[in-house]
Amino acid sequence: MRERGFLSALVVALSVVLMAGLAHNGADLLRADRAAATDTKRTATDTKRTATDTKQADAGAGTDIDLKTVSFNMCGGLCNKGGTGKLPHIAKEINDFAPHLIMLQEVCWPQYEWFENTYEGTYDFRYTPLLTNYTGCGATDCSVNMDSDPANDDKRCWIGQVLGARGALGAEDLIPLGGERYQIKQDGSPVDPARTFNALCYDAVLDGVSRKVKGCSVHLRAFSDDKLVNERARVAQAARLASDLDGDIAAGKVVVVGGDFNTLPQPGKTPALDSFYRASAAPGGGIGRFYEADHDDTAYWEKPAFLCAVDTETSCRTGESTIVNLSPLEDDKRNSKIDHIFFSETTAHATLSGDAIPMYFKDAAATVITHFETEAAKGADGKYLKVSDHAFYRGMATVTATAPSS
């Protein structure tokens with residue numbers, strides 16, 4: 001039986017101390033509009049790190065490894081209705097970056113099957129549902145999924161998380177995160193249908209990587225509310241996940257966690273990620289054992305005191321927005337970092353890298369992708385045409401080829 005008393009007390013204490021600093025605007029954190037701290041619009045002259053900057057030959061024992069991963073909430077239901085027509089655009093981004101691990105969220109079952117078939121022999125994929133009775137993936141009647149027998153489910157009603165490995169996935173570790181009770185929206189009404197929250201984690205044998213690696217694809221509770229019900233749930237979910245991964249880190253594995261945390265990095269806004277960030281993370285520190293991939297991006301922060309240079313000896317609570325600007329008509333443009341990629345180790349802070357790439361369409365026929373808002377086409381409603389309301393988030397950390405001694 002697990003000792004839960006200390007964790008519960010710690011979560012409560014963190015909430016009491018830091019909840020006073022919360023500044024949610026009452027909108028759904030999954031799709032919330034937020035004013036930009038600074039103007040971070042991309043232009044066609046952006047010089048962000050590209051896939052070719054980070055490519056290297058597969059490394060064997062004794063050689064440091066550039067461990068690459070992507071996390072992408074692809075909005076497979078709400079934005080894409082379970083369709084597969086836009087998936088080749090996502091595949092191109094995957095192919096250009098050639099990550100070792102792929103974490104996808106809000107993926108409908110037919111879309112998962114598309115990735116499995118497309119990457120057969122290259123990536124090994126697994127799936128877990130967040131919802132099993134969701135009509136947003138294209139099926140109009142999910143009543144058959146409402147009984148207690150999953151064997152007769154219509155999987156077209158499933159939407160959830162995907163984990164992929166360039167190599168082979170081994171032992172599954174489906175970590176229950178809790179948060180199923182009392183799921184409410186911003187206005188206090190029940191979330192219907194309710195979600196089931198599990199972190200999809202697997203040990204992985206990765207091509208050219210001699211280390212033991214464990215990857216997790218995550219989707220925490222969404223929504224904000226004035227009584228902070230959902231925020232307390234996210235604090236508890238993140239703490240549970242980080243605690244359950246302690247044993248894997250102690251066993252010498254490199255643990256990589258990516259997903260939609262629905263949680264901002266700033267400690268004054270939410271304590272949820274304190275369980276992931278290390279004590280050295282600026283500003284505010286944490287109680288965790290992880291580094292955020294987007295270490296050197298200073299675009300999000302308002303105050304110079306919050307900035308953290310890439311060559312310093314500390315890690316950072318920072319990062320570029322992962323929410324895509326949906327409409328040029330909105331006064332309050334979206335600028336929120338709620339998707340994260342965490343690495344349990346790195347050889348040096350300077351090797352950490354993160355890049356959140358919007359995927360707009362350049363043409364009305366939705367055939368050509370642009371990463372630049374200024375080049376995005378608009379639909380009949382005046383809104384940008386895009387693959388998802390989240391950015392395609394690439395992360396990298398250099399790790400040692402041999403496990404550190406304990």
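This passage describes the confidence of a predicted model and then its disulfides, aromatic pairs and selected polar contacts.

The structure is a predicted model, and the mean pLDDT of the protein is 83, with 78% of its residues reaching 70 or more. Confidence falls in certain stretches of the chain, among them residues 1–60, over which pLDDT stays under 50 and for which the model has 146 contacts beyond four places in sequence. Another such stretch is formed by residues 300–306, where pLDDT likewise stays under 50 and where the model has 19 contacts beyond four places in sequence.

A search of the whole structure for disulfides returns four, and three of these are described here, including the one that joins Cys108 to Cys137 with an S to S distance of 1.9 Å. Because Cys108 lies in strand E2 (residues 101–108) and Cys137 in the loop between strand E3 (123–131) and strand E4 (159–176), this pair ties together parts that are 29 residues apart in sequence. The link of Cys108 and Cys137 is left-handed, with -80 degrees about the S-S bond. Cys108 counts as buried, at 0% relative accessibility, and Cys137 is buried as well, with a relative accessible area of 5%.

A disulfide is also formed by Cys142 and Cys157, whose sulfur atoms are 2.1 Å apart. Both Cys142 and Cys157 are found in the loop between E3 and E4, and the pair links parts of the chain that are 15 residues apart. With -95 degrees about the S-S bond, the link of Cys142 and Cys157 is left-handed. The relative accessibility of Cys142 is 7%, so this residue counts as buried, while Cys157 has a relative accessible area of 0% and is therefore buried too.

The disulfide of Cys201 and Cys216 has its sulfur atoms 2.1 Å apart, and it connects strand E5 (residues 198–206), which holds Cys201, with strand E6 (residues 213–219), which holds Cys216, the two cysteines being 15 residues apart. The link of Cys201 and Cys216 is right-handed, with 115 degrees about the S-S bond. Both Cys201 and Cys216 are buried.

Aromatic residues were examined in a similar way, and the search of the whole structure finds 18 aromatic pairs. One of the pairs is that of Trp109 and Tyr112, whose ring centres are 5.0 Å apart and whose planes stand at 50 degrees, so that the pair is tilted. Because Trp109 and Tyr112 are three residues apart in helix H4 (residues 109–118), about one helical turn separates them. Trp109 has a relative accessibility of 15% and therefore counts as buried, and Tyr112, at 6% relative accessibility, counts as buried too. Elsewhere, Trp114, Phe115, Tyr119, Tyr123 and Phe125 come together in one aromatic cluster. An aromatic ring also takes part in an arrangement with a charged residue, in that the charged end of Lys68 sits over the ring of Phe97, at 4.9 Å from its centre.

Two aspartates were considered for their side-chain contacts, one of which is Asp66, found in strand E1 (residues 65–73). With a relative accessible area of 15%, Asp66 is buried, and its side chain is joined to that of Thr398 by a polar contact of 2.7 Å. The other aspartate is Asp260, which lies in strand E7 (residues 254–260) and is buried, with a relative accessible area of 0%. The side chain of Asp260 makes a polar contact of 3.5 Å with the side chain of His219, and the side chain of Asp260 also reaches the backbone nitrogen of Asn262, at 3.0 Å.

Conventions: Residues are numbered from 1 along each chain as its sequence is written. This is a predicted model: local features need pLDDT of at least 70, side-chain atom pairs count only at pLDDT 80 or more; totals for chains, interfaces and linings use all residues. Side-chain values use heavy atoms; hydrogens and water are left out. Rings of Phe, Tyr and Trp (its six-membered ring) pair if their centres lie within 6.5 Å; planes under 30 degrees apart count as stacked, over 60 as edge-to-face and the rest as tilted. Helices (H or I, at least four residues) and strands (E, at least two) are DSSP runs, numbered from the N terminus. Buried means under 20% relative accessible area, exposed over 50%, partly exposed in between (1.4 Å probe, protein chains only). A charge sits over a ring if NZ of Lys or CZ of Arg is within 6 Å of the ring centre and within 35 degrees of the ring normal. A polar contact is a pair of N or O atoms within 3.5 Å; within protein, one must be able to donate a hydrogen and the other to accept it, and residues adjacent in sequence count only if both atoms are side-chain atoms. A disulfide is a pair of cysteine sulfur atoms within 2.5 Å. pLDDT is the predictor's confidence in each residue, from 0 to 100. Contact means heavy atoms within 4.5 Å.
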